[in-house]
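Please look over the model below. This report covers the ligand site, the sheets and some unusual backbone spots.

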Amino acid sequence: MNVSQPRAVSRRRAVSRRIDALPASGIRRFFDIIASMEDVISLGIGEPDFETPVSISAAAVRAIEGGATSYTSNYGLIALRRAISDMLDRRYGVMYDAEGELIVTTGVSEGLNVAFQALLDPGDEVLMPEPYYVAYPPNVLLAGGVVVPVPTFQEHGFRIQVADLEAAVTDHTKVLMLGYPSNPTGAVLDHDDLSALAGFVERHDLFVVADEIYDRLTYGTRHISFTSMPGMRERTVLLGGFSKSYAMTGWRLGYAAAPRELLEAMMKVHQYVMMSAPTAAQYAALEALTGGEEHVLSMVAEYDRRRRLMTDGFNRIGLTCFEPRGAFYCFPDIRSTSLDDETFSERLLWEERVAVIPGRAFGQSGAGHVRACYATSPDQITVALERIGRFVARLHNGAH
Ligand code: PLP
């Protein structure tokens, strides 16, 4: 019998040192556990529970049926770029030329990658308000940059303080990362905050990557784009998207706006790694911008109701919860239970089948907190709060 021998495995290391050194996502192990369990209420994933509005999906279907199945311009459909440019002017009073200052990207995820690739040389430092969205540090590291976490605190409403940035800035600092409204804290910045940050950026001659993907999801306050601060448009890469405001996470669509020279540098990366953003999704996004406003408003009103339900619920249970003013997350303080955030999340999952994310997944200063997403039905939120209440009562009563 002719039994073939397995071929020798290469003695060279398969994985590059750069990727080997990249920390794996802290929340993946958690999602693996959740996937193996039944009857779990997940407040873990940051994703709208709504489906994409039918009129938006229909625009993509029409485009496909009409034969729009090839690449678009590397920059994206010109009609979509014009609609984005109009929206930024209308909402924030900032002007971006649809020809040369805007790229349609494959989500803000791609935007983050191309922005840091374009901005950073090896060793350049990026000031990173913490807790931060999990993808920010890896994208800095992949571009050869150095992450400099700058903690934010509950007593300041998790708004980054210029004094803390001043203490962290060095001669190597090149970029300030601003992700507001914030995932995971729900913090927003007001005009005075933005103005103080603009002064800091100017003083130290920095650039800014502003991830404003949650710009439409604010409650009782209107988002102000960092690019609208005097002098900041020329120093900022503005990232925005469709995933959250229009319940379009699976379409993979966003945009990047930047001054011409920076945008051209980003385009070099985008054209080689992505060619162009998904074509059908671009038609859907065009419909979202031109006819989707009523859907945004009704989803925001619904998130606002759920936000109050969850924030009040946590406070009633005895887990102090800072009032989130944007995005769709609560970030309650769990220190009164004497458990650390990882043990709290793991035990809550096993004992009461509710999934939340340990705060340290978003950086060390997330310690003592957990993130709970309220983009889920009010019924589910109510049951989840009952279960969390039971769990916390046991801990507060000393049943460790
Ligand atoms: N930025 C933030 C702050 C996010 O929370 C997310 C998704 O959770 C993203 C970017 C990724 O967005 P996209 O779906 O546009 O890639």
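Helices (H or I, at least four residues) and strands (E, at least two) are DSSP runs, numbered from the N terminus. With those labels, P131 sits in the loop between β3 (125-130) and α6 (136-142). The model is predicted.

**The ligand site**

Which residues surround the ligand? The shell consists of G107, V108, S109, Y133, Y136, N183, D211, I213, Y214, S243, K244 and R252. By class, these shell residues split into 5 nonpolar, 4 polar and 3 charged. Helix α5 (residues 107-119) contributes the most, with 3 residues.

Three polar contacts to the ligand are listed here.

| Residue | Protein atom | Ligand atom | Distance |
|---|---|---|---|
| V108 | backbone N or O | oxygen | 2.7 Å |
| D211 | side-chain N or O | nitrogen | 2.6 Å |
| Y214 | polar side-chain atom | oxygen | 2.8 Å |

Taken alone, the ligand exposes 400 Å². The protein buries 92% of that area.

**The seven-stranded sheet**

In what order do the 7 strands of the open sheet run? The order is β2-β8-β7-β6-β5-β3-β4, and the pairing is mixed. β2 (102-105) and β4 (146-151) each have a single partner strand, so one side of each has no neighbour in the sheet. On average, neighbouring strands are turned by 20° against each other, direction ignored.

Take one pair from this sheet. Strand β5 (residues 173-178) and strand β6 (residues 207-211) run parallel and share 4 bridges. L176 has V208 in β6 as its bridge partner. Strand β6 ends at residue 211, and D211 belongs to the ligand shell.

A helix packs across part of the sheet. Helix α9 (residues 260-273) lies across β2, β6, β7 (236-241) and β8 (254-257). Its direction is at about 30° to β2.

**The three-stranded sheet**

A second open sheet has 3 strands, in the order β9-β12-β11. Here the pairing is antiparallel. The edge strands are β9 (329-330) and β11 (357-358), each pairing on one side only. β11 and strand β12 (residues 370-373) are antiparallel and joined by 2 bridges. Within β12, V370 stands opposite P358.

**Backbone exceptions**

Most residues other than glycine have a negative phi, and most peptide bonds are trans. Three places in this model depart from that pattern.

Start with the peptide bond from E130 to P131. This bond is cis, with omega near 0°. As noted, P131 lies in the loop between β3 and α6. E130 is the last residue of β3 (125-130).

The peptide bond from N183 to P184 is also cis. Its omega is near 25°. P184 is in the loop between β5 and α8 (191-203). N183, on the other side of this bond, is one of the residues around the ligand.

Where does F158 lie? It is in the loop between β4 and α7 (162-168). Phi of F158 is near 55°, a positive value in a residue other than glycine.

**Points to take into the viewer**

Begin at the ligand, where D211 makes its 2.6 Å contact with a nitrogen atom. Then follow β6 to its parallel partner β5. From there, go on to the loop that holds P184.

Conventions:
Residues numbered from 1 in each chain as written. Predicted model: local features only at pLDDT ≥ 70, side-chain atom pairs only at ≥ 80, totals over all residues. Heavy atoms only, no water. Near = heavy atom within 4 Å. Polar contact = N/O pair within 3.5 Å; in protein donor to acceptor, adjacent residues only side chain to side chain. Areas by Shrake-Rupley, 256 points an atom, 1.4 Å probe, with all protein chains shown as cover. Nonpolar A, V, L, I, M, F, W, Y, C, P; charged D, E, K, R; others polar. Pairing = 2+ DSSP bridges. Axes fitted to C-alpha atoms, helices over the stretch in contact; angles between N-to-C directions. Contact = heavy atoms within 4.5 Å.
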